[in-house]
Each structure stands twice: as structure tokens, then as C-alpha cells.
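Me: I would like a careful, close look at one part of this model, followed by the setting in which that part sits. Please keep the conventions explicit as you go.

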Amino acid sequence: MNKEERYDIVIIGAGHNGTTTAAYLAKCGLSVCLLEERPECGGAQETCEPIAGVRIQPHAIANYGGSAPGWEQLELWKYGFRMDWKAGAIVPFNTDRYMTTTDGLSKVTDKDKMGYAKITGLLTDPPFFKDLMRATFWCPPHPPHVELNENTIPFMQVYKQHQPDMWTRELLEWTMFDLMDEYLDTEPFKVNQAWIALVSGAHGHMEGAAIPALCSVATVMPPAVAMPVAPRGNIHGYYHALLRCAIAHGAVVRTCCPVEEIIIEHDRAVGVRLRDDATWGAKKIWANKAVISAVHIKPTFLEMIGPRHLDSGFLQRIKDLSLKGGSLYMTHYLTRERLRVRPKFQTPGYRYEDYGSFTGPFFPNDSRELYFENVTEVMGHQRNLTIPPERAMYGMVASETYAECHPQSTRPGVYINGPQWMLVPTPEYNVDGMDAMEDKVKWNEYMRKALSQVVENLDSDNIIQILGESPREQEFRNTGMLGGSWYGLRCDRDQWWNERPLPELARYRVPGIDGLYLSHQSSAHPGGLCLMAVGYNLMHILIEDGIAEPGDWWYASPWYIPEEGKISAIPNRPSSVSTR
Amino acid sequence: MTTDDIFGHMFQEFPENSEWDVVIIGAGPNGLMAAAYLAKAGLKVALVERRYEIGGGLATEEILYPCYSSNPHVIYHMMVDYMPVIKDFNLDGPSLLWIKPNAQTAMVFEDGKSLLLTQMIEDTKDSISKFSFKDAVNFGKVMRSWRRIVDEIVAPATYVPTMTPIEMSMALQKTKVGQEMLELIEQSPLDIINNTFENDRVRALMLYASCMWGLDPRETGIGFFVPLLLDRGMNKCYCYGGSHKFASAMGREIIKAGGLILEHAEVSKIIMQNRRAVGVELAEGRTLRSKVVMSTLDPHTTFLDLVGAQHMDKDFKALIDGWKYDKWSFYTLHVASEEPPRYKCDDPWINDAFMTIFGIESTEQLLAHWDNVVAGKIGANFGGHATCETLHDPHLSDKPSKHISFFQMHAPYEIQGGWEKKAKEMEEAVLAKWQKAAPNMKRENIIMTVHETPVDIETRFPNMRRGGIKHGDYKPIQLGSFRPNQECSSTKTPIEGLYVCGASTYPGGLVLGGPGYLGANKVAEDLGVKKWWKTTPEMDRYIKTYLT
């Protein structure tokens, strides 16, 4: 009964990236087995109903991936993909927009809007926004022989071509703050953008990360990608379409199948051995062509491969990869009435019944000094927040503005508000201890106080229940979110693009182990955000290695540079149809 | 300028209007099954579901949020041995694993004594013999006959179109087993059990096990359920990874066969044209046109809300109006704990049992509790059943070595004093009673609790109206060819193009998979599509013996 199985491709982990990869490879006609340790697929793209009639997204919520080639290449509409257009976020530059600061509202000026439009590629004719996004996220890192500079880095090429006055060597060195100081106007708007970048992976203050950080914000900022914020059926609805695309093309899905070991024979990954609590026991599943690890890079090398095959110098570098900067504490509030913004923060035309818009308050956007105070607390001191909740920075999505036929709460008389997130220390590095944030009553109250700076009726009369989730719980649930990090690994310059996760692994291959590829947000450019990007980028490499042979539906990134001596991933078709 | 002009070609979405052979409303077990069979038969099938996830009752949910997934339908998989869908789609293999523990249903008493129904008859007899040797012998004897009734008649009949009561009596007369079943049908569950067993505790267990799904113990004409539910209650399977995996596996079969599943797609109406059902309209505005519409919802939702009374004649509408929901529902307390419950009792096997009943000391008390429930009350005399879901399945807890259990008891939809107030009170009472039976279930051991009332069941699954887990009461005039009524029990309805195949259609609910299978057969026949599947040998034997 314990029969071994054999496939062309074995993918470990059915989260967003493993599933995207499965869909691409199954569409190439390969036999694919997708293994998931949890009972259900989806990874962090999940929706749940902890209280009857009340839906929440424990992790990912917004669809950042609007510019992805995957929509066309994988044809997700065929598998039921729909959007909830009503739940679009605030348009940053075509309406009156205000930032919330301790002193009240700060108006976003025309200079802010025009500057933002310029740097995100919206002022040219035609706009180069989508090119900028695709160059930043949807292009594999260049091969090692290519020198990286302002002429070769994809997003620099885009600026060079479309907005030459922005194309300076410094752009590669800047932080997002530097960039915003050059082109934007008001401090609160800049702080707000930097903070959204912070909770989207690449932080606003990271050296040399100006454009990746900007793009992380812009890709979810409407109308950038047709207001891609809320898929119908929520973020798990997006996942359903992706998974079903893989299944429709023949991918085999196995859940409750944790992998214990990647089997390596003669320096080649040939399959995996399951853990003994897997559905059919600790059986082996063999891969003729490739084993793809779509789980976190640390367990991939430290546990599934280990010192049997790797030297301790390499393992040390894997251990040292930083999980910092992506751990979020998250709350949802069940209330009897809608939340009401304090008069001080009510924008002109504020209507209580419209409360929320999709983005709730992001607060306080006072100054970058305050931003740094928060960042220092979490990443410098690495301790539980001692900053008073009045000065703690957070962001919130308000669930009350989805389309009427897309209710987030069907429980009579109950409103669901959230999520609200706050950057907190990574449990693994927390000087107060790994479980220091497990006092949920305390931290829920801290979050409530922070939100109450802007909202006036978040009190015991109104609150029915607070659902809190700590980074520790997030990593228990999704082992791909090690350290509770939403991005798997810190998205700083040393762990991004050609250095994500390490320079020699940046092309998704593992030198010294043939047939093993990496496809997780922690192990591959561009990281997280459910972009269908890792799978797309990895396709270039698998084509180079002769594993994937896609049909006419495939097109390569226009900025992709083939590796010498390999098969080019650029289709051998007339150039007019080879790229978009 | 449109957004497309500014930003280039955006992603395409599922179209506003689409055409299908079959649209199925509701992705519970029956909807999934019907869709899987018909899609694989080459029909263009769309399955639309109101919730964010398929499965209906086949749910594994993070009710103990975060990190603990509950599996409230864990004890419902009683027909795995017979369901054609398991064999037809190879759902007992590497993608789906069924575990059938020997220790199935335990009952523990205040004095530390216990009873255990096991899959293996001699083990059950051993347990009963502690109370009455005579009952143990009788149990062996009746089960010999009852298992034949289940195996030869009731189980295969689940997947064969129903007959009228008269046809049924004539058919059953043909064999000795059939005659025995006819005798049982006439009796009430209480009579059958009182006539078979002498010991009161043995009677209490048997009564609980046969009536827990919603039979009225004093109602005559439903006696055949006693052998069915006792035998199947001794053969429950655990779906490894949680019951939703069963739904996911069927969902994959639909997709593999080219079908479509839409979640978060609430149907606002069934489109009628020239007195025919020709598709559905979703609340979001999209329409899916089709040759056939199959509804797995309750009759009121299907006919009154989605079709509309104006499309029915008066007599048919009266039949629909007369539909009655279950007399009781469930109150459930979900618990995450450090250790699994350990019951204080005289039999070590009890702590491995799939399900453990406690709080019930006698048949009199059990009947009084049920009478209370029907009258809208829960007294101090309540009892119920508990299951530790992680006993056979570590995957439900994301935190290693923690445990997830639930306690469930019969409860009224409308309770005196209102659930708002009573729910929390009940939680305390349940925990006190649980701790009495299993001393380690004290607060230090408990990480988290969440209760769900009958109203919550209805909120989660709106067509489990009034918390009714079977979409409608099991009573003689709502069973067999009367489920949901004589016009519709074949799954075909008087409305051309509209079929019904949910728990409110013959043979009923409890994850039998009967209505979905029968609906798929009927639609395949009516659309003239070749069936790729064959009846099981059990069904063939039944059809040969009784229907020809």
C-alpha cells in the first residue's frame, strides 16, 4: 500500500510561490507533484471564519500582483478569478487626500501627487508604470557575468528610457526617503509611504532600496494596477484560481505531506522523503527532473539537506540570513457599531456611513523621527515595544467597504474591523524572549489604544471581541513565515535581487546540487507579496536548464539576460510577439 | 482614458455572462459529488458556492483562532464503506486517507463505569457483558441480522432511486431480511431498544447512538434507522487532515475534468424563462446560463427565495410551505488543550475512542433531556458527546503536541432566555460536566474555548435553517419518497430544468452522498449523457433482489 511515486517535478510547499511554480510547470506539460505539510493549500493566502459569519484574512490581504504576467500566462480568469472593485484603496493623486498626524490632518499637496506620479511612471505618454513594476519584480536577477550598474539593472533601464531626468547613478544608492525628498513635498505623506513600504517588505529607510521600496508601495496603490486591492472571495479567492490552474493542467496535490528530507544522490536532488505523520507515511517521492523547494530557505538547507551535503561555512551563512523587519502583530475588532473617526481626523466630506474606505487609518505620520523611533525600538533594541501606544505606528484596512454582495461579516449586528498591523520584534531575536509577545490581552489592548488615537468609539461598549495574532502564532501556522516575517527574509539590499538570499543562490539554482531549485519568498527574488513573480522568474532558469519548454503562451522578461552556454528563455518567435 | 489606456492591459476576470450545461448551487458534499460525476461525463459544469470555501459541512475551520483547526464533522463519515464516490474517484488512496478506529463510541458514567461500541462486535459484547450478559448475547444476535439489513438493503438503497412506501413494503416482503426490516420500520427507536436490551445503561447508549442525529425516539415508522445508525456508528471513519480534505479532493476532480468552481458567489435567483430554469444570477450581477440547474439548498431557499412563488402552482407551493426543519440542533464547545481529555473510567480503551458520551446516566434522563430541548430548554440533566480531533491527527494543531476537542449536545434553535445570554452559561456548565467525566479537563489544561450555538450554525451555513444539520426533519412524511416531497424525491422537480440534490432530498443528510449521486445519475440520464461510472456490487445485488 505504501507505493512510491515518481514525477518530473516535485515541489515542496503549496503556498503562493510553490503553487505559481506548479501552475507554470504543469502548463508546460510536465508531471508535477505539489506537497503541502498543512491539511490545506494556500500558505499565507488564506481566509478563515473564526466566528460564525465573520471572515478574516490572517495574513496577506491585498492583491499586490496586478502587473504580473501570470494573469495572462496562467489565464486565472478561466478558474474563476474576480475582483471586488468597490474595495479599492484611496487614489493618492486624483482626489483630496490627507495624512493623519498627531496634530490632525495634513493635506497631500499637488507637488506630492505630481511627484509621486512622476516617479511611478504615470506622467509620460504612454505611462511606464507597468514596465517599472515588471522590471523591478518580474525579471530574474542577471547572470553573474553581467556587471550591475545603472545601464543593466532593469528598473534603471526603464527610467533611462522613459524618464531620463530621473536616471542618475544616485538612484541606486538612495533610500526611499532620499527619493521622496527629491520629488515629493510634505513630510507626513513621505512618512506614510515609507511606512507602507515598511510593512510591504522593503523599508523606506534602507540604503539603496529606494526603487524596490517605492514599487512595493506603488504596486498596491491604485490606480496603479487597476485598483488591485481586494479579490472577490478575498486573498484566498486569488489563491483558488492559481491552485485550480495548476490542477487543471494536471498537477497532483498532496496535503498533510511534510517533507523530512530532500534526497540527494551523486550531487543531484532526486526526490524527497516525507515525514512519518504524512498521509501515507514516510514514503519517498521521486523527481525525474527537479526538486523545487517552495518552503523557507532555512529549513530547506538546515533541516531537509543539512551537513550531510553542505559545509558548515555555507550553513552558517544560511543561519545568518536576517529575518528582521517583517514581523507584524495583527488585530481584528468585532464591534457592535461602525468605527467613528475622531472629529480632528475627519476629512472634508467625511461620512460616518462610509467609514473606512479600504485603507483605514495609517497613524501617526508625523515625522521621520517618529518613524525612526519605532524602527529603532523594534530592530535596534529588539525588544517589546516600550514606546507609548499613542506614538506607535500602525496601518489598518477597514473591512466595511467591500461591495455589498461581498460582505466580510454576515453576522447580524456585528462589524468586523481590520486588520490593523504594527511592526514588532522578531520573536527569534527578541531580547525579552521568544514568547515575550504572547500576552495577547496586553498587546491587544496596546493595539486598541493605538487605534483609539484616531477612532473615538473603540471602547468596551462597542467592542465585542478582539482577535489578536502574534508573530509567533503566525510562524506556527505558516512555517514559511519564519520569525513571523511576512516576507520570509529581510528585503534589504544585501538580501534582494542578485543577493537574495545569497549571491550564489540568486539564480534559483543551488550550486553543487543539480536538479534543486528555490522558489520561496525567503529564497528568491523578489520575495513575497503574492506577486506570481518567483514562479515566473524561475521559469526563465528552468527553460535555460532545458527542464521547462513552454508553449506559445510564454514570454520572457524584456530585461532578462540569458546565461552563457544555456538555452535562452526568450521564445524563438518574431520579436513583436515575444514580449509585451 | 480608461485604466487600461493608462496602465496597459490589465488582468482579465471571469466573464459577466457565461454558458454551461449544468450549474450547481452549493458546494457541500452533494454539490461537489454531482459536479464531479457530471464534469467527468464531459458536461460543462459550474459549481457556485456562497462561502469563501467549498465543502459545506465538510469543513475544517480555524474556530479556535489562531493555530487550531476544528473538524466538527469528524464523526459524520459513516458511509465511507459504501459511498460510490470513494471508489469511482479513487478517494481512498494517497490523496485521502480514512482511518477507522476500533474504539468508536464510548459512554462513561458518574460512577466510573463505561460502555464501548467498537467496530468489532465481540469487543462491544465484552463491554456490554459488564452490565448484562444477556444484553451482550442479544447484541451479537441482533447485530448479525441488523448488519445484513444495512449491508443488503439500507446502505445500497441510499444510492438507488427511492420507492413509494407501498412499493417498498412489497419489495421487502421478498426476503427474510426484508421482512425483518419491515418489522423494525413499524416500531419506534425506543421500542426497538427496550425490546432488545434489558439493562438501562445499555439502553441509554443504544438510544443515544441511534437517535443522536435527530430521530424522535418515540416516533414510529422510522425504525430502520436504528440498525443503520448503530451499525454505521460503529464504522465511522476519520478523514485524515480534517473533513475538508474530502471536499478538496472532490473539488480537484471537478477541476481536472474541466469544471469550474466559484466561491463567494451567492446566487440571488434562478433564472426562469418559458417556465424553465435556464441558469442562475449571482448577487454580484454575473449570470451563468445553463441547460440544467441543480440546487443543493433547502426547499424554502430553492423554491421560494430563488425560483419565486410566481413560477409554481398552488399545490406545489403548499408542499414547499409545509417543509419542516429539524426539531433540534447542536450546541458545540470547541476546546484547545495541552492534553487530550482523559476519562475516569474502568476501561483504558475509552481514552482512544472516536466519540465519548457523558452526562447521561439513564434512558429516563436522556429522554427528559431531549424533551427539554424540544421544549426550548436545556436543564441540568443534559449530556452530550465529545471527540478529540487530534487523537488520530496531529495536523489540526499548528502548535506541536497541542490538542483540539469538541463537546456537542442537542440544543434548541430558540432557547428560553436567548442564546446571547445562555451560550456563555452553557460553556461553564459543559466544562464542569466534562471535568467530572475527564478530571484533566480543568482550566490549567485548557488553552482556549469557543462555543457555537444553533444560531451560529445557521449564520455559517444559512441553508442549515434553524441550525438544522439535515436541512429538514427526519420524520416519516419527510423521508424516502417524501423527501422533500413526492414531486421532487427523484431529484427532478416539476420545474423543467431544475433538480434538487441536497440533504433535503432523498435519502437525506449526514454526508451520505446519496442526493448528489442520485442527482448526477438523473441529470446524466435526462441529458442523454453516457455514464462513465457503474453501480457498486452491493447496489447491483439490491437492485436484482428487490427492484426486479
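Does B:Cys67 count as buried or exposed, and at what relative accessibility?

Reply: B:Cys67 counts as buried, at a relative accessibility of 0%, where buried means under 20% relative accessible area, exposed means over 50% and partly exposed lies in between, with a 1.4 Å probe and protein chains only. This is a predicted model, in which local features need pLDDT of at least 70 and side-chain atom pairs count only at pLDDT 80 or more, whereas totals for chains, interfaces and linings use all residues. Residues are numbered from 1 along each chain as its sequence is written, chains are lettered from A and ligands numbered from 1 in the order in which they are written, and side-chain values use heavy atoms, with hydrogens and water left out.

B:Cys67 lies in the loop between β3 and β4 of chain B; helices (H or I, at least four residues) and strands (E, at least two) are DSSP runs, numbered from the N terminus. Its backbone deserves attention as well, since phi of B:Cys67 is near 90 degrees, a positive value in a residue other than glycine.

The loop that holds B:Cys67 is also the place of B:Tyr65, with β3 covering residues 61–64 and β4 covering 68–70. B:Tyr65 is likewise buried, with a relative accessibility of 6%. Leaving aside residues up to four places away in sequence, B:Tyr65 touches A:Cys48, A:Pro50, A:Ile56, A:Pro58, A:Leu467, A:Gly468, A:Glu469 and A:Arg477, together with B:Met448, a contact being heavy atoms within 4.5 Å. In chain B itself, B:Tyr65 and B:Thr449 are 384 residues apart in sequence, yet their C-alpha atoms are 9.7 Å apart in space.

Among the partners of B:Tyr65 are A:Leu467, A:Gly468 and A:Glu469, and β14 of chain A spans residues 463–469. An open sheet of four strands includes β14, with the order β12-β13-β11-β14 in chain A and antiparallel pairing; two strands are taken to pair if DSSP finds at least two bridges between them. Strands of a sheet pair through backbone hydrogen bonds, either parallel or antiparallel. In this sheet β12 (395–396) and β14 of chain A stand at the edges, and each has a single partner strand, so one side of each is left without a neighbour in the sheet. Two bridges join β12 of chain A to the antiparallel strand β13, residues 415–423, and A:Gly395 stands opposite A:Trp421 in β13(A).

Other backbone features can be set beside that of B:Cys67. A:Tyr508, which is not a glycine, has a positive phi of about 70 degrees; A:Tyr508 is found in the loop between α14 (471–477) and β15 (509–510) of chain A, and is buried with a relative accessible area of 0%. There are cis peptide bonds too: the one from A:Phe363 to A:Pro364 has omega near -15 degrees, with A:Pro364 in the loop between β11 (328–335) and α12 (368–380) of chain A. In chain B, the bond from B:Arg483 to B:Pro484 is cis with omega near -5 degrees, and B:Pro484 lies in the loop between α16 (454–460) and β18 (498–500).

As for the wider setting, chain B has 18 helices and 18 strands, and 67% of its 548 residues count as buried. Its radius of gyration, taken over C-alpha atoms, is 23 Å, which agrees with the value near 24 Å for a compact globule of 548 residues, the globule rule being 2.2 Å times the number of residues to the power 0.38. Of the contacts in chain B with a separation of 6 or more, 72% are between residues 24 or more positions apart. Chain B exposes about 18700 Å², with carbon and sulfur atoms supplying 51% of it; such areas come from the Shrake-Rupley method with a 1.4 Å probe, and for residues only the protein chains shown count as cover.

Chain A, which supplies many of the partners listed for B:Tyr65, has 16 helices and 16 strands, and buried residues make up 69% of its 580 residues. The radius of gyration of chain A is 23 Å, in agreement with the value near 25 Å for a compact globule of 580 residues.
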